[in-house]
Amino acid sequence: MKLTKLLGTLGLVSVLAVSAIAGEKKVKWKIATTWGPTAVPFSTAVTNMADMVNKMSGGNFTIRVDASNKHKSPFGVLDMVKLGQYDMAHSASYYWKGKDINLLPFTSMPFGMTAAEQNSWFYYGGGMALMEKAYKKHKVLSFPGGNTGNQMGGWFRKEIKSVEDLKGLKMRIPGFAGEVMAELGLTVTNIAPGELYTSLERGTIDALEWVGPGMDINMGFYKIAPFYYTGWHEPATELQFLVNTKKFNKLSAKNKEILRVAMRLAAYDMYTENFYMSAEAWAKIEKEYPNIKIKTFPKSVFNAMKAANKKLLAEKTKNNPLLKEILNSQNAYMKKARVWSEMSDYTYLKDNLE
């Protein structure tokens, strides 16, 4: 008798839940991405997020994905969300350093946090509150949108043996790392992802960095620039879901939570997929791509990069209290977290690599 009553109650709840969903006003959003539809896993992070929102809302909250080949403005997505032309965007905060340098640190900083350290800073170390504070003037909310982990240092036509070898090169490298490289004598530019190979092939640039082997190999950069350097500049590149604040506030409490959950899960899945792709690609490099020459920058170059980074940070934060607050928060958290990173991951790897 009790079981019958319980089953009846559960059935009634299910019917009422379905009826409630069916009676809700449908919400239709659009998201613009900086990437083309084939830029996996960046592109799949967005489609996965939109698919989860659709499923969790029972079809009452849908998000149309417009890749950069459709809206034609890969670096204009922040403004499009701010102006309400799009409800959301998926991009990287460091692309807006020329517009607002306070947004820069939320992607990655040279010689900064690892992915694990940065994600814990975002969600438990005060990062989310600082990101909301920085984006407030743009009338946009920002949420972590997927991490690449440590990125490779780039593809070069020739081997870099000294700082002198860098001088005069034209390189695509975004974020604060671009400013560091410019300080060392390079001509730095930021080129949309869909134009990278053509720019390298035509000699518009001499070198470039993109992500890591999982995304880089299929782009074919090695055919022109076979020297592939290990990273220093983006140890934990976090992309961002940008959401128009006014549009977000109009969502029901349930839809807000659905969106938050979908973004967070899609972001984690992107990190996992990118790691898988890079591990698979790296395993094939020696056999399938023998002309790729894996290199690490000489110590003299690293020292010059670190010195330039320190100098530029001091200049940028001198009259910018918000940037200083953000970077101080990151550095303080990294200092604390790095002790555990060294004790756990670093010690484990050092003691068990064969």
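**Cores, a buried glutamate and pockets**

Biologist: Happy to look at this with you! Which residues does Phe 156 touch, not counting those up to four places away in sequence?

Modeller: In this predicted model, Phe 156 has contacts on several stretches of the chain, including Asp 206 and Ala 207. Others are Ala 225, Pro 226, Phe 227, Tyr 229 and Phe 297. The rest of the list is Leu 166, Leu 169 and Met 171.

Biologist: Which residues have the most contacts inside the largest nonpolar core?

Modeller: That core has 83 residues. Its largest share, seven residues, comes from helix H13 (residues 321-352). Apart from it lies another core of 22 residues, with Ile 31 and Val 243 among them. Inside the largest core, the residues with the most contacts are Phe 156 and Trp 210.

Biologist: Thanks! Is Glu 209 buried or exposed?

Modeller: Glu 209 sits in the loop between strand E8 (207-208) and helix H9 (213-216). Its relative accessibility is 0%, and buried means under 20%, so Glu 209 counts as buried.

Biologist: Which side chain does a polar contact of 3.0 Å join to that of Glu 209?

Modeller: Beyond its neighbours within four places in sequence, Glu 209 is in contact with residues including Met 171, Arg 172, His 233 and Glu 234. From that group, the polar contact of 3.0 Å is with the side chain of His 233.

Biologist: Lovely. Which helix gives the most to the lining of the largest pocket?

Modeller: This pocket has a volume of about 1200 Å³ and is lined by 31 residues. Helix H5 (115-124), helix H11 (253-288) and H13 each supply at least two of them. With seven residues, the one that gives the most is H13.

How values were computed
Residues are numbered from 1 along each chain as its sequence is written. This is a predicted model: local features need pLDDT of at least 70, side-chain atom pairs count only at pLDDT 80 or more; totals for chains, interfaces and linings use all residues. Side-chain values use heavy atoms; hydrogens and water are left out. Helices (H or I, at least four residues) and strands (E, at least two) are DSSP runs, numbered from the N terminus. Buried means under 20% relative accessible area, exposed over 50%, partly exposed in between (1.4 Å probe, protein chains only). Contact means heavy atoms within 4.5 Å. A polar contact is a pair of N or O atoms within 3.5 Å; within protein, one must be able to donate a hydrogen and the other to accept it, and residues adjacent in sequence count only if both atoms are side-chain atoms. A nonpolar core is a set of buried Ala, Val, Leu, Ile, Met, Phe, Trp, Tyr and Cys residues joined through side-chain atoms within 4.5 Å. On a 1 Å grid over the protein atoms alone, a cavity is a set of points where a 1.4 Å probe fits but cannot get out, and a pocket is an open set with protein on both sides within 12 Å along at least five of seven lines; lining residues have an atom within 4 Å of a point. Grid points are joined across faces, edges and corners, and a volume is the space filled by probe spheres set on the points.
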